[in-house]
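Q: I am new to this structure and would like a close look at a single part of it, with enough of the surroundings to place that part. Please explain each term as you go.

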Amino acid sequence: MTQLGADFDDEVSDDDYDHASPSVGLPGSEVILVLELKSIADVGLIGMPNAGKSTLHGALSKAKPVVGAYAFTTLRPNLGNVNYYDFSLTVADIPGLIRGAHENRGLGHAFLRHIECTKVLSYVVDLAAALGDNKGIPPWEQLNDLILELEYYCEGLSDRPSLVVANKLDEDGAE
Ligand SMILES: Nc1nc2c(ncn2[C@@H]2O[C@H](COP(=O)(O)OP(=O)(O)OP(=O)(O)O)[C@@H](O)[C@H]2O)c(=O)[nH]1
Ligand SMILES: [Mg+2]
């Protein structure tokens with residue numbers, strides 16, 4: 001006979017009851033894990049503020065980034081998918097880098113960390129930055145500075161496959 005109640009007397013044997021009895025378990029363990037995402041996108045758009053990264057990102061993907069004619073419009077990385085027939089890749093629009101980013105200038109090195117999580121580096125340089133009355137940095141210096149910031153942050157980071165996007169080619173004198 002079991003103590004499970006009269007309705008079950010015929011169906012539940014004493015053996016069954018013994019199996020269901022709780023036993024003393026082993027002590028549990030606890031661990032705190034800090035996990036870091038190692039890959040956020042296939043391609044990262046890297047450039048000085050205002051170079052046109054977000055405009056390009058919006059043109060390549062369905063992302064709807066905020067675009068503005070001032071520095072630091074983008075404050076955090078945005079992802080978008082680029083689809084071309086059966087080919088698809090993820091592109092990350094990374095906030096603008098300035099000289100000294102590795103020393104936490106501008107938006108700092110938080111975003112250099114995001115660049116580390118992309119496989120291909122796409123340097124977006126503004127061909128119009130130093131044209132006429134514009135007081136920006138000439139394109140070749142932009143490229144040099146960007147590469148240096150990556151290297152200061154993490155030696156060898158700029159060795160990844162990369163391409164250079166010469167942006168704002170439509171501006172007078174840019175070509
Ligand atoms: N003439 C011209 N202007 C462009 C081109 N691409 C972007 N712009 C303009 O450049 C300005 C900056 O564009 P964004 O796409 O916001 O630049 P960004 O690199 O994302 O800037 P941050 O987010 O601040 O780093 C905007 O006024 C755009 O309209 C281009 O190919 N030609
Ligand atoms: Mg932007």
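A: The answer below starts with how to read the model, then turns to one helix and ends with some single residues.

This is a predicted model, in which local features need a pLDDT of at least 70 and side-chain atom pairs count only at pLDDT 80 or more, while totals for chains, interfaces and linings use all residues. Residues are numbered from 1 along each chain as its sequence is written, and chains are lettered from A and ligands numbered from 1 in the order in which they are written.

The pLDDT, which is the predictor's confidence in each residue on a scale from 0 to 100, averages 88 over the protein, and 89% of the residues score at least 70. Confidence is highest in β5, at a mean of 98, and lowest in helix α1 (residues 14-19), at 58. Over residues 1-9 the pLDDT stays under 50. Where pLDDT is low, the predicted coordinates should not be read in detail.

The protein has four helices and five strands, which run α-β-α-β-β-α-β-α-β from the N terminus on. Helices (H or I, at least four residues) and strands (E, at least two) are DSSP runs, numbered from the N terminus.

The part chosen for the close look is helix α4, residues 139-153. Helix α4 has 15 residues and reaches 21 Å from its first C-alpha to its last, close to the 21 Å expected at 1.5 Å a residue, where the expected span is 1.5 Å times one less than the number of residues. In α4, Pro139, Gln142, Leu143, Leu146, Glu149 and Leu150 are buried. These residues lie on the same side of α4, because they cover an arc of only 130° around the axis, the arc being that of the directions from the helix axis to the C-beta atoms. Here a residue is buried if 20 or more other C-beta atoms lie within 10 Å of its own, exposed if 12 or fewer, and partly exposed in between, with C-beta atoms placed from the backbone. The face of α4 turned away from this buried side carries the exposed residues Trp140 and Asn144. The buried residues of α4 pack against β1 (41-47), α3 (110-116), β4 (118-126) and β5.

One of these partners, β5 (162-167), is followed by the segment that holds Lys168. Lys168 counts as partly exposed because it has 18 C-beta neighbours inside 10 Å. Leaving aside its neighbours within four places in sequence, Lys168 is in contact (C-beta atoms, placed from the backbone, within 7 Å) with Gly52, Asp126, Leu127, Ala128 and Ala174. The C-alpha atoms of Lys168 and Val125 are separated by 8.5 Å, although the two residues are 43 apart along the chain.

Another partner, β1, is joined to α2 by the loop in which Asn50 has its place. Asn50 counts as buried, because it has 20 C-beta neighbours inside 10 Å, and its phi is near 75°, a positive value in a residue other than glycine. Tyr85, in the loop between β2 and β3 (87-93), likewise has a positive phi, of about 50°, although it is not a glycine. Tyr85 counts as exposed, because it has 5 C-beta neighbours inside 10 Å.

Conventions:
Contact = placed C-beta atoms within 7 Å.
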